[in-house]
Amino acid sequence: MPLLPELFLTFAKVGLFTFGGGYAMLPIIQKELVEKRGYATEDEIIDYYAIGQLTPGVIAVNTATLVGVKQKGVIGGIFATVGLVLPSVFIITIIMQFFN
């Protein structure tokens, strides 16, 4: 599979199956990126977590962006970030329909 769709789907899977916020996603991100996909080494993922913690925003989103940029430049960062956030947007949109 080409890398951009793979980045999107990998982070969409993380975003879909993780509850509890950005910090709850970190172990799943580590397993997917380091152990399964080889997108980053252990040292790199720790650096991404540190940078993600220091920058404004959710640590998981920042980490997704950094990994995507490393893999495929700015477009990779966009695909990874949208993949991580999109499941939550869909879930919230569906829930919102019940309140209207």
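Q: How many helices and how many strands does the protein chain have, and in what order do the elements run?
A: In this predicted model, the protein chain has 4 helices and 0 strands, and from the N terminus on its elements run α-α-α-α.

Q: What makes the protein chain count as compact, or not compact, for a globular protein of its length?
A: The radius of gyration is 13 Å, and the globule rule gives 13 Å for 100 residues; because the two values are close, the chain is as compact as a globular protein of that length. Taken along the principal axes, the box that its C-alpha atoms fill is roughly 45 × 30 × 25 Å.

Q: Why is Asn62 called buried, partly exposed or exposed?
A: The relative accessibility of Asn62 is 14%, and the word buried applies under 20%, so Asn62 counts as buried. Asn62 has its place in helix α4, which spans residues 59-99. Leaving out residues up to four places away in sequence, Asn62 touches Gly52, Thr55, Pro56 and Gly57.

Q: How do you know that a polar atom of the Asn62 side chain and the backbone oxygen of Pro56 lie within the distance cut-off for a polar contact?
A: The distance between the backbone oxygen of Pro56 and a polar atom of the side chain of Asn62 is 3.4 Å, and the cut-off for such a pair is within 3.5 Å, so this pair meets the distance condition.

Q: Why is Glu44 called buried, partly exposed or exposed?
A: With a relative accessibility of 25%, Glu44 falls in between the limits of under 20% for buried and over 50% for exposed, and therefore Glu44 counts as partly exposed. Glu44 has its place in helix α3, which covers residues 42-54.

Q: What makes the pair of side chains of Glu44 and Lys70 a polar contact?
A: The side chains of Glu44 and Lys70 make a polar contact at 3.1 Å, a distance that satisfies the cut-off of within 3.5 Å. Once neighbours within four places in sequence are left aside, Glu44 is in contact with Tyr39 and Lys70.

Q: What share of the residues is buried, and what share of the contacts with a separation of 6 or more joins residues 24 or more positions apart?
A: Of the 100 residues in the protein chain, 37% are buried, and among the contacts with a separation of 6 or more, 49% are between residues 24 or more positions apart.

Methods. Residues numbered from 1 in each chain as written. Predicted model: local features only at pLDDT ≥ 70, side-chain atom pairs only at ≥ 80, totals over all residues. Heavy atoms only, no water. Helix = DSSP H or I, 4+ residues; strand = E, 2+ residues; numbered from the N terminus. Rg over C-alpha atoms; globule rule 2.2 N^0.38 Å. Buried < 20%, exposed > 50% of the residue type's maximum accessible area, 1.4 Å probe, protein only. Contact = heavy atoms within 4.5 Å. Polar contact = N/O pair within 3.5 Å; in protein donor to acceptor, adjacent residues only side chain to side chain.
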